[in-house]
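Student: Please take me through the sheets of this model, and what packs around them. Keep it slow enough that I can follow along on screen.

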Amino acid sequence: MTVPLPANPPPPRSVSTRINSIRSADVHAGTVSYACTNCGHWQRWFPSGPPPTCPVCVDVRNALPVGGFEFRSAKEVADRLTSSWSAAADGVTQFSCSPDFGLAGSGWVIETDDGLVGFEAAPFYDEAALAELRSRGGVVSLGSSHVHGYGALWQLQDELAPPVVFVGVDDLIWTKAFVVTWPTDEVFRVAPGLTLHRTGGHFAGHSVLHDERRGYLFCGDSLKVDLGPAGEAVGLSAHKAFHAQIPLSHGEIRFYRSVVERLDFSRVFTPFETAEVGTAEVLALLDHLLAGPPFAGPVPLADLRATHSDTSVNVPGGPSA
Ligand SMILES: [Zn+2]
Ligand SMILES: [Zn+2]
């Protein structure tokens, strides 16, 4: 069911000879990196002290921190967090931190014919994690679905200096902590078999990364997966704001659907977890959401699997309730 992509020039093999690798630390010389303890968002700010607010927490999608803002410098974070990594699926390594910090997201490192591609990032990478990535040849490209997946992407750019750092052009306003070398539009070929597609919706520049060969979709927050006790997917939702339960508009869902229906996948990777969820189930969710008033709550996966694109599913709390 894979449909040919619109003509879109792939990154030239000689890209590293055309584009100088950039260290955001050089671009933002004289600044200090601070992380918000509530959401983990990193900002460049003055050495004299942390920023007054966090733009991600102030945004309508997120909650303000109870008791006020608190920030930690990169050194303070390094003293508190330990990295870990493990194989998450064929060709994909998951990097994370303990104890949890911020949104406690994961960084996915994907094997391609061109080398490793990093998508999303863990809240921080300790020396052992950076050494592991260097021993595997570093990363040829680095990107993220949207700001909630950025994690310490700035740190990977500073330490590994990939020639390409890609983020949807409509989301550049969130990228001050690092330097985007390749702002992307609707479709961007990251590596052989690995293509970025803008879905919009949750954020205007929100984009998903499709691994065509393995049938994976690195779906960012275009999808929220509820997991059962054994780690199995039991519910799906899509939203503008998870915390505030603000739904996507019908127009946003229609555009999102027009992208997903061209992508063949059987496993998704959000910034937080991976689960066996396929194209038909996501399309069934979106058809269900289009069949009634805007709705941000979860829909049981069993119902979606039973009905697939049947929009008559009657879910308590859903649009037909
Ligand atoms: Zn924050
Ligand atoms: Zn998000």
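Tutor: Start with a working rule: two strands pair if DSSP finds at least two bridges between them. Keep in mind that this is a predicted model. Now find strand E15, residues 224–227, and strand E16, residues 233–237. They are antiparallel, and 4 bridges pair them. Look across the pair: aspartate 226 faces glycine 235 of E16. The two strands form a hairpin, with 5 residues between them. One point there deserves a stop: glycine 231 in this hairpin has a positive phi near 85 degrees.

Next, follow glycine 235 the other way. Its bridge partner in E19 is proline 300. E16 and E19 run antiparallel and share 2 bridges. Put the pieces together and you have an open sheet of 3 strands, ordered E15-E16-E19, with antiparallel pairing. E15 and strand E19 (299–300) are its edges. Each has a single partner strand, so one side of each has no neighbour in the sheet.

Use that small exercise to read another sheet. This open sheet has 7 strands, in the order E4-E5-E6-E7-E8-E9-E10. Its pairing is mixed. A general reminder helps here: strands of a sheet pair through backbone hydrogen bonds, either parallel or antiparallel. Look for the edges again. They are strand E4 (82–89) and strand E10 (182–184). Each has a single partner strand, so each has one side left without a neighbour in the sheet. Neighbouring strands here are turned by 25 degrees against each other on average, ignoring direction.

Zoom in on E6 and E7. Strand E6 covers residues 107–112, and strand E7 covers residues 115–119. They run antiparallel, joined by 5 bridges. Isoleucine 110 stands opposite valine 117 of E7. Remember valine 117, because it comes back in the core.

Now check the loops around these strands. Between E5 and E6 you find proline 99. The peptide bond that leads into proline 99 from serine 98 is cis, with omega near -10 degrees. Past E7, in the loop that leads to H5, sits glutamate 120. Glutamate 120 is not a glycine, yet its phi is positive, at about 65 degrees. Why does glutamate 120 count as buried? It has 28 C-beta neighbours inside 10 Å, and 20 or more is enough to be buried.

What lies across this sheet? Helix H5, residues 127–135, lies across E4, strand E5 (92–98) and strand E8 (139–143). H5 runs at about 40 degrees to E4. Helix H6 lies across E7, E8 and strand E9 (164–168). Its angle to E8 is about 155 degrees.

Stay with H6, which spans residues 153–160. This helix is mostly covered, with 7 of its 8 residues buried. Among them are Leu153, Trp154, Leu156 and Leu160. The polar names Gln155, Gln157 and Asp158 are on the buried list too. Just past H6 comes alanine 161, in the loop to E9. Alanine 161 has a positive phi of about 45 degrees, although it is not a glycine. As a general rule, most residues other than glycine have a negative phi, and most peptide bonds are trans. Is alanine 161 buried, partly exposed or exposed? It has 17 other C-beta atoms within 10 Å, so it counts as partly exposed.

Now pick valine 139, and leave aside neighbours within four places in sequence. Its contacts then include Leu156 and Leu160, both of which are buried residues of H6. Valine 139 also touches Val117, Gly118, Val109 and Leu133, among others.

That brings us to the core. The largest nonpolar core has 78 residues. Val117 and Val139 are among those with the most contacts inside it, and so are Ala152, Phe218, Val268 and Leu285. Helix H8, residues 279–290, gives the most to this core, with 5 residues.

Last, step back to the whole chain. It holds 9 helices and 19 strands. Of its 321 residues, 43% count as buried.

Definitions and conventions: Residues are numbered from 1 along each chain as its sequence is written. Chains are lettered from A and ligands numbered from 1 in the order in which they are written. This is a predicted model: local features need pLDDT of at least 70, side-chain atom pairs count only at pLDDT 80 or more; totals for chains, interfaces and linings use all residues. A residue is buried if 20 or more other C-beta atoms lie within 10 Å of its own, exposed if 12 or fewer, and partly exposed in between; C-beta atoms are placed from the backbone. A nonpolar core is a set of buried Ala, Val, Leu, Ile, Met, Phe, Trp, Tyr and Cys residues joined through C-beta atoms within 7 Å. Two residues are in contact if their C-beta atoms, placed from the backbone, lie within 7 Å. Axes are lines fitted to C-alpha atoms, for helices over the stretch in contact, and angles run from 0 to 180 degrees between N-to-C directions.
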